[in-house]
Amino acid sequence: MINIAIIGFGVVGSATYDVTIQNAELIKERIGDSVKVKKIVDVRDFDNHPAPELLTKNFDDVMNDPTISIVVESIGGLRPSYEFTKKALMGGKSVVTSNKELVATHGVELTEIAKQNKVSYLFEASVGGGIPIIRPLKQCLAANEFNEIFGILNGTTNYILTQMREEGRPFAEVLKDAQQKGYAELNPSADIDGYDTCRKICILSWVAFGKGVDAEKIDRKGISEITAKDIEKAKAAGCVIKLIGRAKLIDGEVYCTVAPEAIPLDDPLAIVDNVYNAIVVRGNFVSDVMFYGQGAGGRATASAVMSDVIEIARTIVASRT
Ligand code: HSE
């Protein structure tokens, strides 16, 4: 049995719990052992929690349980995620996260701490929701030199732009809808002002080019000033407006930008609508590869979280023999 803990039982944490229950048998078959959620940490009270017996408000209950080997951090934000992650890694527990802010800010340091403690810090779910992108960059495309990565990296803004264009719905109404669907960040300014896309392009740049960039310093423009008129103008010109994150390697330096762009209708990015994301990776041997899928929402993100849990669990199982 491989025991895990989930810290933060919001949209992603609760969907991660669901996948461990719903797909328990097939996950067991694929790993060769079962994965069981042993503790769920959240400071909130829940009326209808699916597993109240697992709930605790105290993270030390996880640290004091030596049978828990993997911690899923789905709290979001920097505090107390940073402290909890550091504590878990230093205590010999691997950590899996969907927290792009934490990975973009402290990912290099936390990965180093994981290495020193012979555990893993994995973050597939931090970019592109359910789209596999971190592992493909590190493994399947590892033979390539990358010179550019770009794409639609935020589901909320893509949903808003699509609904404004296709349905003529007002910005504020669609944003509310995205919040209800569990796509938007707690503070939706992170989505609409482009901060979330900055964090994701910063993580991609680190993974692809081996060079971290400061997400705060990225040249950034969000979609809050996009009007119905802008959308109409783009339409008349045979384009759609998309919020694009871009990282380019030029003479050994990484240049990142986040801004709305007019994308011609014959560009594959133009048909990426609603909560879907797409990421184009340019490699010197493979040429262009595009990854496409649902970029936000609990179930899609939980799929990516569990892929990291499964990767670590397989290593644990292999080390027993
Ligand atoms: N708020 C984010 C988005 C969630 O809309 O893309 C997934 O990272």
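In what sense, and over how many bridges, do strand 11 and strand 12 pair? In this predicted model, strand 11 and strand 12 (residues 287-294) are paired in the antiparallel sense, with eight bridges between them. The connection from strand 11 to strand 12 is a hairpin of three residues. Within this pairing, tyrosine 276 has glutamine 294 of strand 12 as its bridge partner.

Strand 11 also pairs with strand 7 (residues 146-152), again in the antiparallel sense, over six bridges. Two residue pairs illustrate this contact between strands. Phenylalanine 150 has valine 280 of strand 11 as its bridge partner, and isoleucine 152 stands opposite alanine 278 in strand 11.

These strands belong to an open sheet of six strands, in the order 8-10-9-7-11-12, and the pairing in the sheet is mixed. Strand 8 (219-220) and strand 12 stand at its edges; each has a single partner strand, so one side of each lacks a neighbour in the sheet. Strand 11 spans residues 276-283, and six of its eight residues are buried, so the strand is largely enclosed by the rest of the structure. In general, side chains in a regular strand alternate between the two faces of the sheet.

A further buried position is found in a helix. Histidine 106 is part of helix 5 (residues 100-116). The relative accessible area of histidine 106 is 18%; the residue counts as buried because the cut-off for that class is under 20%. When neighbours within four places in sequence are left aside, histidine 106 is in contact with Leu78, Arg79 and Tyr82.

Notes
Residues are numbered from 1 along each chain as its sequence is written. This is a predicted model: local features need pLDDT of at least 70, side-chain atom pairs count only at pLDDT 80 or more; totals for chains, interfaces and linings use all residues. Side-chain values use heavy atoms; hydrogens and water are left out. Buried means under 20% relative accessible area, exposed over 50%, partly exposed in between (1.4 Å probe, protein chains only). Helices (H or I, at least four residues) and strands (E, at least two) are DSSP runs, numbered from the N terminus. Two strands pair if DSSP finds at least two bridges between them. Contact means heavy atoms within 4.5 Å.
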